[in-house]
Amino acid sequence: MAKERVLVVEDEKNIVELVKYNLEQEGFRVQTALRGDTGLDAAQKNQPDLIVLDLMLPGIDGLEICKILKQNDKTSRIPIIMLTAKGEEIDQILGFELGADDYVTKPFSPRQLVARVKAVLRRTHEKPKSKNFKIGNLELDVDKYVVTLKGKSVELTSKEFELLRVLLEANGRVLSRDFLLEHVWGYDRSVEIETRTVDMHVGQLRKKIKDEAKRIITVKNVGYRIENG
């Protein structure tokens, strides 16, 4: 049975009770909060293993909570699953930019949410500790600044190398185009930059890594992720 602690921050009591019941059935220890401010306080004090966080909350909204937690060293590593309503794609993208690990769209089945919780926790525990990455026949050595495919060196531009490194480092988590623009290109979020820049670099990177290109998955309306399996 799972022993992880999950904090559910959601203002609809029926959803809270349903989620709490299903998570507890799987062995999780669950704490709940019906307001954003009390949820933030609980997260900072108790530092749960994962947070299920609604976007629209009284007191303080989910995006602001996510931002505050990810900027604090003590809580920045806590994985967050955002709950969003249909049509809130912009908020989903913002959530990913702020560091959310996944999102579930309402209405959702409790079984689906529990599966996402397990997947995110598993992904968190499996994050690579070394600075070297290997998937399939592709290897990236951060210290040597080298990428090889089937043992042969692949010539990448500095931005292509950093793009691949950031995707690999995310270990399967979806990264929005704006997130990549900031963390690979160093663009400030307040500056409007054409996100097509990311798409063009991904296209070039895919060509250079050939057979392993299929591992770079496009997530419609959001961004990209690396398929490890």
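At roughly what angle do the axes of helix α6 and helix α8 cross? Before getting to that, keep in mind that you're looking at a predicted model. Now find α6 at residues 158-169 and α8 at residues 196-209: their axes come within 10 Å and cross at roughly 85 degrees. That makes the two helices roughly perpendicular to each other, because angles of 65 to 115 degrees count that way.

So who is doing the touching? On the α6 side, look for K159, E160, L163 and L164, while α8 brings H201, V202, Q204, L205 and K208. It's a mixed bunch: four of these contact residues are nonpolar, two are polar and three are charged.

Next, swing over to the sheet. Five strands make it up, lined up as β2-β1-β3-β4-β5, and the sheet is open with parallel pairing. Strands in a sheet pair through backbone hydrogen bonds, and they can do that in a parallel or an antiparallel way. At the edges here you'll find β2 (29-33) and β5 (102-106), each with a single partner strand, so one side of each has no neighbour in the sheet. As you step from one strand to the next, the twist averages 20 degrees.

For a closer look at one pairing, take β1 (residues 5-9), which runs parallel to β2 over five bridges. A handy landmark there is V6, which sits opposite V30 in β2.

Finally, there's a helix to place against this sheet. Helix α1 (residues 13-25) lies across β1, β2 and β5, and runs at about 170 degrees to β2.

Key
Residues are numbered from 1 along each chain as its sequence is written. This is a predicted model: local features need pLDDT of at least 70, side-chain atom pairs count only at pLDDT 80 or more; totals for chains, interfaces and linings use all residues. Side-chain values use heavy atoms; hydrogens and water are left out. Axes are lines fitted to C-alpha atoms, for helices over the stretch in contact, and angles run from 0 to 180 degrees between N-to-C directions. Helices (H or I, at least four residues) and strands (E, at least two) are DSSP runs, numbered from the N terminus. Angles under 35 degrees count as roughly parallel, over 145 as roughly antiparallel, 65 to 115 as roughly perpendicular and the rest as oblique. Contact means heavy atoms within 4.5 Å. Ala, Val, Leu, Ile, Met, Phe, Trp, Tyr, Cys and Pro count as nonpolar, Asp, Glu, Lys and Arg as charged, and the others, Gly among them, as polar. Two strands pair if DSSP finds at least two bridges between them.
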